[in-house]
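Please walk through the following model with attention to how its parts are put together. The account begins with the cysteines and then turns to the sheet, the charged side chains and a pair of rings.

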Amino acid sequence: ELRYDPERAPLLSIVLREADRLSTLVGHFLLYARPPAGRPEPVEAAGALRETLELFTRQERLKNRIETRFSAPEELWIAIDPSHLQQVLWNLLVNAAEAIEGEGRIEVALFAAGDRRVCLEVRDTGTGIAPEHLALIFDPFFSTKPAGTGLGLSIVQRILEPYDCRLDVESTPGRGSTFRI
């Protein structure tokens with residue numbers, strides 16, 4: 001409610017940006033501390049994943065830098081809360097994109113994996129994860145990124161717990177990582 005003052009404009013811009021950053025951090029912390037209870041329902045997985053990937057790739061910071069590929073059979077149904085599926089994929093995509101310095105590729109694949117099971121893979125051509133960090137990546141607040149909160153993967157793990165899912169990772173420093181649910 002202050003009148004515009006050109007001398008205060010840069011300071012107010014910083015205050016607003018930091019308020020947004022803190023709001024995001026608190027939101028992530030609350031999501032980790034108490035993920036909303038899901039209401040599993042039948043979801044046509046390819047369509048839901050494609051929609052989330054489409055939203056993700058429209059970000060300006062990714063254009064002309066990161067190529068995305070998607071493969072999934074149509075009519076593969078899973079029982080999950082659609083918002084949980086979107087949050088899980090979004091967090092994995094954010095991590096993949098942040099791991100890519102310069103240009104790279106993110107591949108998302110969904111396929112049948114045995115009797116009444118499916119597998120979702122998110123693979124990137126990023127920097128990879130150092131072997132000494134692999135055991136820590138799901139710990140809350142562990143991050144190797146200067147601006148990272150360290151909550152993205154721990155939130156994914158917490159969301160997946162009630163669904164009897166396993167989250168695995170394979171990574172090679174300098175070549176990229178694959179997250180498999």
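**Cysteines, sheet and side-chain contacts**

The sulfur of Cys119 has its closest cysteine sulfur in Cys165, and the 10 Å between them is too far for a bond. This is a predicted model, and within it the structure holds 0 disulfides. A disulfide is a covalent bond between the sulfur atoms of two cysteines. The cut-off applied here asks for sulfur atoms within 2.5 Å, and seen from the other side, the closest cysteine sulfur to that of Cys165 is the one in Cys119, at 10 Å, so this view too gives a separation too far for a bond. The surroundings of the two residues can be described through their accessibility: Cys119 is buried, with a relative accessible area of 7%, whereas Cys165, at 36%, counts as partly exposed.

The sheet offers a frame for much of what follows. It is an open sheet of 5 strands with mixed pairing, and its order reads E2-E4-E5-E7-E6. Strand E2 (66–71) and strand E6 (168–172) each have a single partner strand, so they stand at the edges and one side of each is left without a neighbour in the sheet. From one strand to the next, the twist averages 10°. Strands of a sheet pair through backbone hydrogen bonds, either parallel or antiparallel. For E2 and strand E4 (residues 104–112) the arrangement is parallel, with 6 bridges joining the two, and one residue of E4, Arg105, is the bridge partner of Glu67. Helix H3 (residues 82–99) lies across E2, E4, strand E5 (118–124) and strand E7 (176–180), and its direction makes an angle of about 25° with E5.

Glu67 and Arg105 lead on to the charged side chains, since a search of the whole structure finds 12 salt bridges. Which residues are linked with Glu67 in a network of salt bridges? The network links Glu67 with Arg69, Arg105 and Glu107. Within it, the side chains of Glu67 and Arg69 meet at 3.0 Å, taken from N to O, while the salt bridge between Arg105 and Glu107 has an N to O distance of 2.7 Å. With regard to accessibility, Glu67 counts as partly exposed at 39% and Arg69 as partly exposed at 40%; Arg105, at 25%, is likewise partly exposed, as is Glu107, with a relative accessible area of 24%.

Another salt bridge joins Arg166 and Asp168, whose closest N and O atoms are 2.8 Å apart. Here Arg166 is exposed, with a relative accessible area of 62%, whereas Asp168 counts as partly exposed at 26%.

The remaining contact concerns aromatic rings, for which the count comes to 1 pair. The rings of Phe56 and Trp90 have centres 5.1 Å apart and planes at 85°, so the pair is edge-to-face, given that planes over 60 degrees apart fall in that class. Because Phe56 lies in helix H2 (residues 45–57) and Trp90 in helix H3, the pair ties together parts that are 34 residues apart in sequence. Is each ring-bearing residue of this pair buried or partly exposed? Phe56 is buried, with a relative accessible area of 0%, while Trp90 counts as partly exposed at 27%. Trp90 also brings the account back to the sheet, for helix H3, in which Trp90 lies, is the helix that lies across E2, E4, E5 and E7.

Technical notes:
Residues numbered from 1 in each chain as written. Predicted model: local features only at pLDDT ≥ 70, side-chain atom pairs only at ≥ 80, totals over all residues. Heavy atoms only, no water. Pairing = 2+ DSSP bridges. Helix = DSSP H or I, 4+ residues; strand = E, 2+ residues; numbered from the N terminus. Axes fitted to C-alpha atoms, helices over the stretch in contact; angles between N-to-C directions. Contact = heavy atoms within 4.5 Å. Salt bridge = Lys/Arg side-chain N within 4 Å of Asp/Glu carboxyl O. Buried < 20%, exposed > 50% of the residue type's maximum accessible area, 1.4 Å probe, protein only. Phe/Tyr/Trp six-rings, centres within 6.5 Å; stacked < 30°, edge-to-face > 60°.
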